[in-house]
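Subject: A structure for you to look at

Hi there,

Here is the structure I promised you. Please open it and keep it beside you as you read.

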Amino acid sequence: MHRIVLSAFLLASLPAFADDAAWPAEARKVAGEVPPKLLATLSAAIEKGGPEGAIAVCRDEAPKLAKAASEQSGWSIRRTSLRPRNPKAVPDAWERAALEDFDRRAAAGESPATLEKAELVTEGGQKVQRYLRALPTQPLCLACHGASANLSPAVTAQLQVLYPADQAVGYRAGDIRGAMTLKRMP
């Protein structure tokens, strides 16, 4: 009798376990869709107005891309960084801990392109699915996020106007620039 009850319980639980196993893959897919769109938008902006012209495009278009992806997917999506340019990109405690772990893992030799974290957490008494995927610095990004000494005077001036408290310089290609962060209630 106990076996029947246990078997019935396990079978009834399978869809929940499947859902728990499926959401990180869904989050991974969604997180992978925004960066290529942003890079294409930035490439076009750089061709048109140089790196200094792309700064405002990144500021204005990246949130629009994230908002569109959020509306389409049902996830709350944004970018975050331990060294943010935009004050809206400051990480919360969960994101900060994951980003610090990403930095340790990258320093130990893991590829930043593979770093991610998926976790079901409780926030304000509610279960929340959290996902973070590292964003390695692309060569295209170095014109605005590279070493300060290598930035053009026009880029430096534009950054001072738009982001007077900017922390997002000094990166090299492949460094973890930040992460895509996704969040939703299951």
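A residue is called buried when its relative accessible area is under 20%. By that rule, 33% of the 186 residues of the protein count as buried. Please keep in mind that this is a predicted model.

**The overall layout**

The protein has four helices and four strands. If you walk along the sequence, you meet them in the pattern α-β-α-β-β-α-α-β. Now look at contacts between residues at least 6 apart in sequence: 68% of them join residues at least 24 apart.

**An aromatic pair**

How many aromatic pairs are there? The count comes to one. Its partners are Trp23 and Trp75, and because their ring centres lie 6.0 Å apart with the planes at 40°, the pair is classed as tilted. Trp23 belongs to helix H1 (residues 2–73), while Trp75 is in the loop between H1 and strand E1 (76–80). The two are 52 residues apart, so the pair links distant parts of the chain. Are these two residues buried or exposed? Both Trp23 and Trp75 are buried.

**The largest pocket**

Next, have a look at the pockets. The largest pocket has a volume of about 930 Å³. Its lining is made up of 43 residues, and Leu38, Cys58, Ala62, Arg79 and Leu135 are the ones nearest its centre.

Which elements build this lining? At least two residues each come from H1, E1, strand E3 (126–136), helix H3 (142–145) and strand E4 (176–184). H1 gives the largest share, with 17 residues. Sorted by class, the lining of the largest pocket holds 27 nonpolar, eight polar and eight charged residues.

Ala62, one of the residues nearest the centre of that pocket, is part of helix H1. Ala62 counts as buried because its relative accessibility is 7%. Leaving out residues up to four places away in sequence, Ala62 touches Leu38, Val57 and Arg79. Thr41 is 21 residues from Ala62 in sequence, and their C-alpha atoms are 8.9 Å apart in space.

**The second largest pocket**

The second largest pocket has a volume of about 180 Å³. Among the residues lining it are Ser81, Arg83, Leu99, Tyr171 and Asp175. Helix H2 (93–107) and E4 each supply at least two residues of this lining, and the largest share, four residues, is from H2. By class, the lining of the second largest pocket divides into six nonpolar, two polar and four charged residues.

Two of the lining residues, Arg83 and Tyr171, are worth picking out on your screen. The charged end of Arg83 sits over the ring of Tyr171, 4.0 Å from the ring centre.

**Three more residues to find**

Start with Ala179, which you will find in strand E4. Its relative accessibility is 0%, so Ala179 counts as buried. Apart from neighbours within four places in sequence, Ala179 is in contact with Arg78, Arg79, Thr80, Leu99, Leu132, Arg133, Ala134 and Leu135. One of these, Arg79, is 100 residues from Ala179 along the chain, yet their C-alpha atoms are separated by 5.6 Å.

Then move to Pro51, which lies in helix H1. Why does Pro51 count as partly exposed? Its relative accessibility is 22%, and partly exposed covers values between the buried limit of 20% and the exposed limit of 50%. Setting aside neighbours within four places in sequence, Pro51 is in contact with Ile46, Ala143, Cys144 and Val155. Cys144 is 93 residues from Pro51 along the chain, and their C-alpha atoms are 6.7 Å apart.

Finally, there is Leu162, in helix H4 (residues 153–162). With a relative accessible area of 24%, Leu162 is partly exposed. Not counting residues up to four places away in sequence, Leu162 touches Ile55, Ala56 and Arg59. Leu162 and Arg85 are 77 residues apart in sequence, with 9.4 Å between their C-alpha atoms.

Enjoy exploring, and write back with any questions.

Best wishes

How values were computed:
Residues are numbered from 1 along each chain as its sequence is written. This is a predicted model: local features need pLDDT of at least 70, side-chain atom pairs count only at pLDDT 80 or more; totals for chains, interfaces and linings use all residues. Side-chain values use heavy atoms; hydrogens and water are left out. Rings of Phe, Tyr and Trp (its six-membered ring) pair if their centres lie within 6.5 Å; planes under 30 degrees apart count as stacked, over 60 as edge-to-face and the rest as tilted. Buried means under 20% relative accessible area, exposed over 50%, partly exposed in between (1.4 Å probe, protein chains only). A charge sits over a ring if NZ of Lys or CZ of Arg is within 6 Å of the ring centre and within 35 degrees of the ring normal. On a 1 Å grid over the protein atoms alone, a cavity is a set of points where a 1.4 Å probe fits but cannot get out, and a pocket is an open set with protein on both sides within 12 Å along at least five of seven lines; lining residues have an atom within 4 Å of a point. Grid points are joined across faces, edges and corners, and a volume is the space filled by probe spheres set on the points. Ala, Val, Leu, Ile, Met, Phe, Trp, Tyr, Cys and Pro count as nonpolar, Asp, Glu, Lys and Arg as charged, and the others, Gly among them, as polar. Contact means heavy atoms within 4.5 Å.
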